[in-house]
Amino acid sequence: MLDLTGKAAIVTGAGSVGPGWGNGKAAAVLFARQGAAVFCIDNNPDAVAETVGIIASEGGRAVAHTADVTRSDDVKAAIEAAVAEFGRLDIMVNNVGGSAPGSAESMSEEVWDRQFDINLRSVFLGCKHALPHLRQQETSAIVNIASIAALRMSGDRPHIAYSASKMGVIGLSKSVAMEQARKGVRCNVVVPGLMNTPLVENRLLRQLGANDAATLIAKRDAQVPTGKMGTGWDVAHAVLFLASDEARYITGTEIIVDGGMSAMMPGAGAA
Ligand SMILES: NC(=O)c1ccc[n+]([C@@H]2O[C@H](COP(=O)([O-])OP(=O)(O)OC[C@H]3O[C@@H](n4cnc5c(N)ncnc54)[C@H](O)[C@@H]3O)[C@@H](O)[C@H]2O)c1
């Protein structure tokens, strides 16, 4: 089940913004454990080297590559380097993204543009430059990462560009899925909810003006119907499934990984 032996995968944002397991880092390590050769892309050379070190220490095959996935030349060169290294490309995971707070009135145009670059342009470029290589295989898969922020909005803490660009990831992915449906390339989305990744302590603590990580984590846990945030591994397992041959009849859709959050009635608790 979920065997990736013989396949070559690219994961963008394969490092983590701090100690622990981000979604891309967990996906890269999980892919390698399932037998894939993994080309790990990140704009932080130390972060991606750590992920590749973990894979190598477990006997897996991985290559670290530094690139900014908002830049077309970087993405094209990275994907060509992956194909030169592994001789093929079967799986493309466009994982880079991140949120910035702000409403239609408070957000600057510069932040809006940067949010669209990191969350949506990066996914567009990943698809654009990977597709000619993915199509060389009989079957191949793209998995893009969105966010529950695309599906449920907060009036008191808006992230207008994050919500809009992540909704864009869902629309883009359905479009790619239809373009490629008869050409053997599937394209799907994983939609994470509140996850306890290194992002919480490294960016959200500052962004939300919270006093300490433990209080912020407890507050985020309490918002989830199951009572706990998910982890990078929960996202990684959904990514693995969508990337695997077991998902061969699945394209143009989303798997929501949110502990039930998007199913909950506003203001209601979980039993
Ligand atoms: N963590 C969460 O709670 C959460 C929730 C919903 C959705 N997501 C989504 O999951 C994805 C991964 O989130 P995460 O928190 O695991 O990631 P993260 O913030 O830990 O970042 C992963 C890596 O991406 C790299 N990166 C950032 N910008 C880059 C760029 N321009 N080019 C190349 N690499 C770049 C960073 O250096 C980092 O190593 C994102 O798309 C995010 O929006 C996360």
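Let me start with the segment before S1, where Leu-2 is found. Leu-2 has a positive phi of about 55°, although this residue is not a glycine. Keep in mind that what we are looking at is a predicted model.

Next, the sheet. Seven strands form an open sheet, paired in parallel, and the order reads S3-S2-S1-S4-S5-S6-S7. Which strands stand at the edges? They are S3, residues 61-66, and S7, residues 254-257. Each has a single partner strand, so one side of S3 and one side of S7 are left without a neighbour in the sheet. On average, and ignoring direction, neighbouring strands of this sheet are turned by 15° against each other.

If you look at the S3 end, the partner there is S2, residues 37-42. S2 and S3 pair in the parallel sense, over six bridges. Within this part of the sheet, Phe-39 stands opposite Val-63 in S3.

Now the helices, and I will take two of them. Helix H3 covers residues 72-86 and lies across four strands: S1 (8-12), S2, S3 and S4 (91-94). The direction of H3 runs at about 160° to S2. Helix H5, residues 160-180, also packs on the sheet. What does H5 touch? The strands are S5 (140-145), S6 (185-192) and S7. The direction of H5 makes about 160° with that of S6.

That leaves the ligand. How many residues surround it? The count is 29, and the closest are Asn-23, Asp-42, Asn-95, Tyr-162 and Thr-197. Split by class, the shell around the ligand has twelve nonpolar residues, 13 polar ones and four charged ones.

I will go through three polar contacts here. Starting with the backbone, a polar backbone atom of Asn-95 is 2.7 Å from an oxygen atom of the ligand. At Asn-43, a backbone N or O atom lies 3.1 Å from a ligand nitrogen. From a side chain, Thr-197 places a polar atom 2.8 Å from a nitrogen atom of the ligand. As for cover, the ligand on its own has 840 Å² of accessible area, and the protein covers 93% of that.

To go back over the main items: an open sheet of seven strands with parallel pairing, H3 lying across S1, S2, S3 and S4, H5 touching S5, S6 and S7, and a ligand surrounded by 29 residues.

Technical notes:
Residues are numbered from 1 along each chain as its sequence is written. This is a predicted model: local features need pLDDT of at least 70, side-chain atom pairs count only at pLDDT 80 or more; totals for chains, interfaces and linings use all residues. Side-chain values use heavy atoms; hydrogens and water are left out. A residue is near a molecule or strand if one of its heavy atoms lies within 4 Å of it. A polar contact is a pair of N or O atoms within 3.5 Å; within protein, one must be able to donate a hydrogen and the other to accept it, and residues adjacent in sequence count only if both atoms are side-chain atoms. Accessible areas come from the Shrake-Rupley method with a 1.4 Å probe; for residues, only the protein chains shown count as cover. Ala, Val, Leu, Ile, Met, Phe, Trp, Tyr, Cys and Pro count as nonpolar, Asp, Glu, Lys and Arg as charged, and the others, Gly among them, as polar. Two strands pair if DSSP finds at least two bridges between them. Helices (H or I, at least four residues) and strands (E, at least two) are DSSP runs, numbered from the N terminus. Axes are lines fitted to C-alpha atoms, for helices over the stretch in contact, and angles run from 0 to 180 degrees between N-to-C directions. Contact means heavy atoms within 4.5 Å.
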